Amino acid sequence: MNELSEMVNSFDNDHLYYWYKFKGNYYSFTGEFNQAMRLYKMAEDKINQVDLDEEEVADLHYTISVTNSKLRNTLEVIDYANKAMDVFQRNYNFIRCAQCHILLGISYRRIDMYDKAIKNYNLAKHLGELNKNKQVIQLANLNLGYAHSKIGNTEEAIKYYVFVIEEEDDEAIKIKERLASITSLIKEYYNIGDYEKTKEMIKKALTILDLASDDHYYQLYYYIIHTYTYALNNEQEKFRALVTDEFIPYLKQHDDHSNLVVYAKMLGSHFEKLGKYKESVKYYKLANSAYNELINL
């Protein structure tokens, strides 16, 4: 990228299209989604000036949909996912259709349209099963777990999360998805008071976490696992120090409003049990503020 940037002024429209798209892919990979989106939109502006087949345009639209999902631009996700899926359906590219259904499901879940979300996840899973694509199947299972958890259907949520971690030896299942599933199981078991299962999941989670030490998402899962470890072991000072001094600032820095709601409420409850009502109110207010940010995105 550094070498090519010196040649950008000599690029024709074809070169510029791919330059913007692949540079966007780089920033997406490093988690800089606003920068990625800016570049994807510049690539999109070049579509009418270059000769691209419709699958390439659909791939860009899919990528823009994914990035909008990261940025929680829900209506844009639905718009671009549908544009991409129209092309993928015409070309019988059912795995890409499945990926679009997952994006649609995530968007409908975020706007509390759970029936539509679950329908899209099940369509994605069905297409994954027809094509024997385990990665798509387990991504659908993970998101089915999220959806059922959100509507309070704990038993169903646990069932889908377990489907994902049962495939622990399958290299098609990404480490990030396995960590997402197992930390979700930790939350579910902890919340229903099944502390033996919580301990079992924490032990498994730490083993998987070791495999992700070089990945940018390592820190998030490290904080989640250790938050529940300290809560479970009643290590109050370690819990307070980790969540107040490290985890909450990390979530604020990354604009992770969804997790901020969960862990600010957990901290508020912790201080409430200790009779520290001033601190408790502070974190309940933070949870409410994060929730308002979340619904206004």
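Are Tyr 190 and Tyr 228 buried or exposed in this predicted model? Both tyrosines are buried, and their ring pair is the subject of the second legend below.

**Figure 1. Overall fold of the predicted protein chain, with 15 helices and zero strands.** The C-alpha atoms fill a box of roughly 65 × 45 × 35 Å along the principal axes. The radius of gyration is 21 Å, which agrees with the value near 19 Å for a compact globule of 297 residues. Buried residues account for 49% of the 297 residues. Of the contacts with a separation of 6 or more, 54% join residues 24 or more positions apart. The accessible surface amounts to about 15,900 Å², and carbon and sulfur atoms contribute 48% of this area. The chain carries 36 positive and 44 negative charges, whose mean positions lie 6 Å apart.

**Figure 2. Edge-to-face pair of Tyr 190 and Tyr 228.** A pair of aromatic rings is described by the distance of the centres and the angle of the planes. By the ring-centre rule, the count for the model comes to 17 aromatic pairs. In the pair of Tyr 190 and Tyr 228, the centres are 5.3 Å apart and the planes meet at 75°. The pair links distant parts of the chain, with Tyr 190 in helix H10 (residues 175-191) and Tyr 228 in helix H12 (residues 218-232), 38 residues apart. Both residues are buried.

**Figure 3. Stacked pair of Phe 271 and Tyr 283.** The ring centres of Phe 271 and Tyr 283 are 5.8 Å apart and the planes are at 15°, so the pair counts as stacked, the cut-off being under 30 degrees. Phe 271 belongs to helix H14 (residues 257-273) and Tyr 283 to helix H15 (residues 277-296). With their positions twelve residues apart in the numbering, the two rings link distant parts of the chain. Both Phe 271 and Tyr 283 are buried.

**Figure 4. Aromatic cluster that includes Tyr 190 and Tyr 228.** Ring pairs connect Tyr 190, Tyr 195, Tyr 218, Tyr 222, Tyr 223, Tyr 228, Phe 247, Tyr 250 and Tyr 263 into a cluster.

**Figure 5. Surroundings of His 61 in helix H4.** Helix H4 spans residues 54-70. His 61 has a relative accessibility of 12% and therefore counts as buried, the limit being under 20%. Leaving aside residues up to four places away in sequence, His 61 touches Glu 44, Ile 47, Tyr 80, Lys 83 and Ala 84.

**Figure 6. Gly 193 in the loop between H10 and helix H11.** Helix H11 comprises residues 195-210. Gly 193 counts as partly exposed, at 37% relative accessibility. Gly 193 and Leu 232 are 39 residues apart in sequence, and their C-alpha atoms are 10.0 Å apart in space.

**Figure 7. Loop residues Asp 112 and Lys 132.** Most residues other than glycine have a negative phi. Asp 112 has a positive phi, near 65°, and is found in the loop between helix H6 (94-110) and helix H7 (114-130). With a relative accessible area of 47%, Asp 112 is partly exposed. Lys 132 also has a positive phi, near 50°. The loop that holds Lys 132 runs between H7 and helix H8 (134-150). At 73% relative accessibility, Lys 132 counts as exposed.

Terms used. Residues numbered from 1 in each chain as written. Predicted model: local features only at pLDDT ≥ 70, side-chain atom pairs only at ≥ 80, totals over all residues. Heavy atoms only, no water. Helix = DSSP H or I, 4+ residues; strand = E, 2+ residues; numbered from the N terminus. Rg over C-alpha atoms; globule rule 2.2 N^0.38 Å. Buried < 20%, exposed > 50% of the residue type's maximum accessible area, 1.4 Å probe, protein only. Contact = heavy atoms within 4.5 Å. Areas by Shrake-Rupley, 256 points an atom, 1.4 Å probe, with all protein chains shown as cover. Lys, Arg positive; Asp, Glu negative; His and termini not counted. Charge placed at Lys NZ, Arg CZ, Asp CG, Glu CD. Phe/Tyr/Trp six-rings, centres within 6.5 Å; stacked < 30°, edge-to-face > 60°.
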